[in-house]
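User: I'd like to go through this one and ask how each label is earned. Can you take me through the reasoning?

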Amino acid sequence: MAKGSPPEVSMSASNAADGMSGSQPILHGQNPSATADPAVHEEIAHASGMSFQETGLGSPCDNTGSMPTSQRTNPISAQDMAKALTQAGNTLGIAETTKISATKNQSLATKYLQPITTFNSVSSSIAGLNTYAKLALGTLTTASQSLLSGKRLGKNIFSETKLKIASYNSTLDGLMQQFHNRAVVGMYSGIQLLQEDMNVDGIAYAKGVGLNKSKRCLDGTRTEIQKEIIDWMEDTRADSPWILLYGQAGKGKSAIAHTIAHHAKNLGKLGSCFCFARVRQNEGLQEKLFTTIARDLTDCDLRLRPLLAGVLAGNRSLRDTQDIMEQWERFILEPFSKLEGVVARNILVVIDALDESGGEMSRRHILKIMSSTRLPAGLRILLTSRPLEDIHRTISSMNSVKCKSLDDIPLEATIRDIRLYVSSELEQFKHHFTESDFDQLAQKAGGVFEWARLACEFIRPRPGVFPVKRCRQLLSQKSSDGGNLLDDMYTTILDDILGTSTETLDVFRSVMRQVICTLEPLPATSLTTMRFKFPHEEDHYDIGGVMLCYMGSLLAGATDSLTPIRPLHASFYDFLTDENRSHRFFIGDAGRSMLQYLWVGIILFAEF
């Protein structure tokens with residue numbers, strides 16, 4: 001007989017009933033109260049280890065012999081069924097293992113068969129479960145009735161019962177295993193459904209655009225502007241839920257933004273931090289802006305996750321939409337509008353370097369959202385940008401946007417902060433410098449933190465470099481106005497690296513065209529692999545050892561073969577691509593170079 005097979009179990013029960021005389025098994029669904037008086041009820045409860053109500057028998061039957069309707073509507077639980085079955089199995093086990101003689105039948109009837117009597121009375125009350133349970137209980141009930149009949153209590157009762165009990169145990173084990181398997185499968189199915197209900201991974205997510213702790217302001221610098229922005233972030237009654245921090249290249253906008261974002265993260269209030277980069281414009285990051293922010297927000301406020309998942313489940317085509325306006329309305333506004341209860345805290349979203357997202361068309365929809373949409377309660381958005389004309393035109397008359405220019409910060413405060421930065425960067429080499437050197441370098445920076453950073457890198461002692469001589473070289477240069485201050489610094493650094501060799505200059509131009517014009521930033525190893533596919537053999541060389549290793553002050557990844565190479569500051573990109581600013585360091589037509597590297601990339605892809 002197959003373990004747990006319902007037809008064979010039923011046949012076994014029928015055969016057992018046909019082969020035994022005496023009382024018939026209690027029919028499933030028959031009221032046990034019709035065959036047991038109140039004393040039996042109490043006995044059942046005592047034998048099963050359950051309270052009177054827990055047996056599921058309810059009150060004794062009424063005068064008609066029927067159980068009251070109110071009692072019949074409370075079926076016994078699966079746990080109680082298992083408990084009763086265990087009690088019955090233990091009782092039958094006694095009959096199997098206890099060896100007594102036929103002359104002790106009376107003792108057997110009073111000592112060992114009394115629990116079977118109890119089981120016989122309780123079995124029908126728990127038969128109202130699934131089909132398999134009914135069959136198993138019917139089989140066990142047949143066995144208990146046979147034992148109670150008294151006609152087989154002779155000397156062969158144990159040998160005949162042993163085989164039956166083994167069969168019953170086997171069937172019951174199979175049924176319990178099926179019950180367990182179904183429960184486990186049901187649990188796993190429920191978990192899977194719950195995961196699907198909470199899944200928001202289907203929408204696009206931009207990688208490598210988040211918070212960068214290394215870009216934070218030095219402790220003790222930019223304290224006034226940081227306090228002003230933090231107060232705005234914390235104000236639940238602010239009339240301007242947007243704030244735009246703008247200023248010229250190198251003023252430290254990104255450093256302030258990352259410092260504020262890090263502060264908000266420590267407070268559990270950072271919803272998202274999204275940073276555009278000029279060298280990644282070809283990736284179309286603006287199309288992933290609000291999808292990335294939406295997914296980040298669900299990590300900040302877990303109540304938003306099922307709401308966003310519900311939006312995606314209702315319209316799966318939204319997962320691939322590139323419509324920025326639709327992303328904003330469906331992924332940001334809609335989940336927030338369904339939040340229940342009062343928003344107890346403000347959540348900050350940082351969008352850094354909006355001006356580097358691409359051309360004016362790439363920002364049009366973002367600026368339209370700023371000018372026409374009211375933010376949900378509790379949401380604060382900090383943007384940083386250079387003061388481009390289209391951005392200024394859009395926000396100039398908007399009451400919902402608070403504008404803060406870094407040019408409004410008193411120059412004295414900025415020079416104070418730059419001096420603190422310079423003295424900190426050159427602290428271990430201060431025996432080479434005087435306090436006056438630090439003061440003059442801070443004044444020379446003209447409020448541009450990027451100039452101060454480059455100056456420290458240029459001066460820093462290393463083999464072949466005399467720090468005092470280089471400091472004097474910077475201080476002796478004539479100051480330029482406005483944005484040309486950084487151009488002068490770039491020219492000074494490149495003159496030092498490249499010298500006057502025409503051949504070295506040609507290598508520099510070729511390498512920088514490749515770095516800047518690839519569709520996305522690549523590490524030195526990948527760039528070198530590409531070069532060996534160039535048509536001219538003179539271009540086949542390892543760019544890491546030939547050029548990049550000397551440009552650590554200007555390029556990220558210059559000394560790490562696995563880190564994508566990109567300019568440390570967007571102003572260096574602008575410098576190299578504008579002949580009027582870079583002069584002999586001008587790298588040439590970027591558009592034509594991009595087509596060349598795209599063609600090489602296609603060749604490499606085809607080979608793989």
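User: What do the buried residues of helix 16 pack against?

Analyst: Keep in mind that this is a predicted model. The buried residues of helix 16 pack against helix 17 (435-445) and helix 18 (449-459). Among the buried ones are Ile 415, Ile 418, Tyr 421 and Val 422.

User: How do you know that the span of helix 16 agrees with what its 15 residues should give?

Analyst: Helix 16 covers residues 411-425, and at 1.5 Å a residue it should span 21 Å. Its end C-alpha atoms are 21 Å apart, so the span agrees.

User: Why is Val 507 called buried?

Analyst: The cut-off is under 20% relative accessible area. Val 507 comes in at 18%, so it counts as buried. It's found in helix 21 (residues 502-517), and beyond its neighbours within four places in sequence, Val 507 is in contact with Tyr 541, Val 546 and Met 547. The C-alpha atoms of Val 507 and Asp 539 are 8.4 Å apart, with their positions 32 residues apart along the chain.

User: And why do Cys 273 and Cys 517 count as buried?

Analyst: That's the under-20% cut-off again. Cys 273 has 7% relative accessibility, so it counts as buried; Cys 517 has 1%, so it does too.

User: How many disulfides are there, and what rules out Cys 273?

Analyst: The count comes to zero. For Cys 273, the nearest cysteine sulfur is that of Cys 275, 3.9 Å away, whereas a disulfide needs the two sulfur atoms within 2.5 Å. Cys 273 is in no disulfide.

User: What makes helix 11 and helix 12 a contacting pair?

Analyst: Ala 294, Leu 297, Thr 298 and Asp 299 in helix 11 meet Leu 304, Arg 305 and Leu 308 in helix 12, and contact takes heavy atoms within 4.5 Å. By class, that contact has four nonpolar, one polar and two charged residues. The axes of the two helices come within 8 Å and cross at roughly 145°.

User: Which residues have the most contacts inside the largest nonpolar core, and which helix gives the most to it?

Analyst: The largest nonpolar core has 56 residues, and Phe 508, Met 512 and Phe 572 have the most contacts inside it. Helix 18 gives the most, with eight residues. Leaving out residues up to four places away in sequence, Phe 508 touches Leu 494, Leu 498, Met 547, Met 551, Leu 576 and Phe 585. There's also a second, separate core of 45 residues, including Val 209, Leu 244, Phe 290 and Ile 324.

Notes: Residues are numbered from 1 along each chain as its sequence is written. This is a predicted model: local features need pLDDT of at least 70, side-chain atom pairs count only at pLDDT 80 or more; totals for chains, interfaces and linings use all residues. Side-chain values use heavy atoms; hydrogens and water are left out. Helices (H or I, at least four residues) and strands (E, at least two) are DSSP runs, numbered from the N terminus. The expected span of a helix is 1.5 Å times one less than its number of residues. Buried means under 20% relative accessible area, exposed over 50%, partly exposed in between (1.4 Å probe, protein chains only). Axes are lines fitted to C-alpha atoms, for helices over the stretch in contact, and angles run from 0 to 180 degrees between N-to-C directions. Ala, Val, Leu, Ile, Met, Phe, Trp, Tyr, Cys and Pro count as nonpolar, Asp, Glu, Lys and Arg as charged, and the others, Gly among them, as polar. A nonpolar core is a set of buried Ala, Val, Leu, Ile, Met, Phe, Trp, Tyr and Cys residues joined through side-chain atoms within 4.5 Å.
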